[in-house]
Amino acid sequence: MAERVYELEEPLWIGSLEHVIPSELAGIIIGRYFTLSGFLNMLKTSELCFKKISIFEDKAEGLPLYRDTALSLQQSKRNVDEAYEFRRKESIIRTVENYYASCWTISDHESYLMWKNYASFYEGILVLTTVNQLLASLILHSYEEISDAPSIGTGKIVTCFFGKVDYGYKEEFGSDHKKAFGKNIYFRDENEFRIVIYHHPIIEDNEWRCAIKNFSFIKKIVCSPKSTTEFIDLVRKITMDYSLSELLVQESEIKQDSRNIFDGYIKKEILD
């Protein structure tokens with residue numbers, strides 16, 4: 001079953017037994033920029049790390065729009081005094097702590113800015129895959145555990161979502177979980193696809209780890225633009241150590257293009 005979270009197309013809920021992936025998303029090429037240590041950690045643990053949204057650089061991320069919050073407060077029949085209104089606002093802000101995300105960029109080519117912000121020009125790694133290949137490789141569960149305790153809200157809920165990030169909050173607020181996919185328009189160059197884990201109740205951990213069945217989802221491993229030959233050879237050795245083909249590892253296209261431009265000038269001077 002798939003429950004639509006946006007009123008339009010995405011994101012969709014992932015059930016515990018099957019992945020329902022819309023055709024318009026399935027074959028989209030996505031990539032994630034890693035530091036060498038982050039890439040090694042994924043291979044060693046066979047886990048994909050999700051970060052709590054509340055620790056992201058954009059502190060407004062994961063929060064509903066103020067107009068939606070104000071409307072919710074106005075419609076509440078229990079909103080009878082300032083103290084209650086303050087508690088409601090505080091509760092709404094606190095819900096950002098329920099969400100963890102694994103963020104990928106939708107692109108079939110490298111980005112200078114993404115290398116700069118999320119990896120390293122010298123010892124960084126870009127892993128390329130597709131939406132359906134990534135989701136098929138992860139062990140994602142959605143479940144609800146009802147506690148025997150008489151208190152309301154003492155159960156445990158874990159729900160998984162995926163979809164494109166909505167830059168500028170253009171989509172209708174069709175679900176409370178939509179806020180985990182809303183982001184300031186000034187980050188739109190990231191062109192992000194994300195997988196989100198909702199965990200209730202809130203836990204203190206800033207990371208959530210999802211088991212990876214296998215690494216067949218990795219279709220290309222690109223080494224950073226200023227990486228040395230020694231670094232590329234090291235990455236090839238690492239991939240072989242984890243039963244991946246060394247042919248997956250490639251030199252950065254940015255590096256190749258820069259070399260081609262430089263060589264062109266040299267050849268032109270020689271010919272002239």
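This report describes the salt bridges of a predicted model and the surroundings of one of its strands, S5.

**Salt bridges**

Side chains of opposite charge can pair when their charged atoms come close. In this predicted model the count of salt bridges comes to twelve, and three of them are set out below with the separation of their nitrogen and oxygen atoms.

| Acidic residue | Basic residue | N to O distance |
|---|---|---|
| Glu 190 | Lys 183 | 2.8 Å |
| Glu 192 | Arg 194 | 2.6 Å |
| Asp 233 | Arg 236 | 3.8 Å |

In the pair formed by Glu 190 and Lys 183, the glutamate has a relative accessible area of 11% and is therefore classed as buried, the limit being under 20%, while Lys 183 is likewise buried, with a relative accessible area of 4%. The bridge between Glu 192 and Arg 194 also joins two buried residues, since Glu 192 has a relative accessible area of 4% and Arg 194 one of 0%.

The bridge between Asp 233 and Arg 236 lies in another setting, within helix H7, which spans residues 229-241. Because these two residues are three apart in that helix, about one helical turn separates them. Asp 233 counts as partly exposed, at 42% relative accessibility, and Arg 236 is partly exposed too, with a relative accessible area of 26%. Elsewhere, salt bridges with shared partners link Glu 61, Lys 183, Glu 190, Glu 192 and Arg 194 into one network.

**Strand S5 and its partners**

Strand S5 covers residues 124-130, and seven of its seven residues are buried, so the strand is largely enclosed by the rest of the structure. The burial holds for both faces: Gly 124, Leu 126, Leu 128 and Thr 130 point one way from S5, whereas Ile 125, Val 127 and Thr 129 point the other way, and all of them are buried.

S5 is paired with strand S2, which comprises residues 29-35, through seven bridges, and the two run antiparallel. Within this pairing, Phe 34 has Ile 125 of S5 as its bridge partner, and Ile 125 belongs to the face that it shares with Val 127 and Thr 129.

S5 is also joined to strand S12, made up of residues 220-223, by four bridges, again in an antiparallel arrangement. Here Leu 128 stands opposite Lys 220 of S12, and Leu 128 points the way that Gly 124, Leu 126 and Thr 130 do. The buried strand S5 thus has antiparallel bridges both to S2 and to S12.

Terms used: Residues numbered from 1 in each chain as written. Predicted model: local features only at pLDDT ≥ 70, side-chain atom pairs only at ≥ 80, totals over all residues. Heavy atoms only, no water. Salt bridge = Lys/Arg side-chain N within 4 Å of Asp/Glu carboxyl O. Buried < 20%, exposed > 50% of the residue type's maximum accessible area, 1.4 Å probe, protein only. Pairing = 2+ DSSP bridges.
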